[in-house]
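Biologist: Before I rely on any label attached to this model, I would like to hear the rule behind each one and see the value set against it.

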Amino acid sequence: MTLLFALLLRELFEFRLVQTGPNFANYRYDTDTRQLILLDFGATRPLQGDHGQRVPPAHERRDQR
């Protein structure tokens, strides 16, 4: 699971992309190299503007939940 979360953070902050249709069938784990392999990365959208640069705490968003 750690590799999936690391990939998610790289997608957001390094690649500046969001997967629009993530599917666990598109990932493979290579036990020999201990690497996560992406089989399909086609359904993505680029992040626009400064979204994702800073996630404000809930009280700053005026989150009512």
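Modeller: Let me start with the elements: helices (H or I, at least four residues) and strands (E, at least two) are DSSP runs, numbered from the N terminus. By that rule the protein chain has 2 helices and 4 strands, and read along the sequence it follows the pattern α-β-β-β-β-α. Residues are numbered from 1 along each chain as its sequence is written, and side-chain values use heavy atoms, with hydrogens and water left out. This is a predicted model, in which local features need pLDDT of at least 70 and side-chain atom pairs count only at pLDDT 80 or more, while totals for chains, interfaces and linings use all residues.

Biologist: How do you know which of the elements has the lowest mean pLDDT and which the highest?

Modeller: The pLDDT is the predictor's confidence in each residue, from 0 to 100. On that scale helix H2 (residues 58-61) has the lowest mean, 57, and S2 the highest, 92, whereas the protein chain averages 79, with 75% of the residues scoring at least 70.

Biologist: Why are Glu14 and Arg10 said to meet in a salt bridge?

Modeller: A salt bridge is a side-chain nitrogen of Lys or Arg within 4 Å of a carboxyl oxygen of Asp or Glu. For the side chains of Glu14 and Arg10 the N to O distance is 2.9 Å, and the count by this rule comes to 1 salt bridge. Because Glu14 and Arg10 are 4 residues apart in helix H1, they are separated by about one helical turn.

Biologist: What makes Glu14 count as partly exposed, and why does Arg34 count as exposed?

Modeller: Buried means under 20% relative accessible area, exposed over 50%, and partly exposed in between (1.4 Å probe, protein chains only). Glu14 has 49% relative accessibility and therefore counts as partly exposed; Arg10, at 41%, also counts as partly exposed. Arg34, at 64% relative accessibility, therefore counts as exposed. Of the 65 residues of the protein chain, 11% count as buried.

Biologist: What does Arg34 touch, and where is Arg34 placed?

Modeller: Contact means heavy atoms within 4.5 Å, and, not counting residues up to four places away in sequence, Arg34 touches Leu3 and Tyr29. Arg34 lies in the loop between strand S2 (27-30) and strand S3 (35-38), and its C-alpha atom is separated by 9.4 Å from that of Leu3, 31 residues apart along the chain. Phi of Arg34 is near 60°, a positive value in a residue other than glycine; Arg16, found in the loop between H1 and S1, likewise has a phi near 60°.

Biologist: What lines the largest pocket, and how many residues of each class does the lining have?

Modeller: On a 1 Å grid over the protein atoms alone, a pocket is an open set of points where a 1.4 Å probe fits, with protein on both sides within 12 Å along at least five of seven lines, and lining residues have an atom within 4 Å of a point. The largest pocket is lined by 13 residues, of which Leu4, Leu8, Gln19, Pro22 and Tyr27 lie nearest its centre. H1 gives the most to this lining, with 6 residues. Ala, Val, Leu, Ile, Met, Phe, Trp, Tyr, Cys and Pro count as nonpolar, Asp, Glu, Lys and Arg as charged, and the others, Gly among them, as polar; by class, the lining has 10 nonpolar, 2 polar and 1 charged residues.
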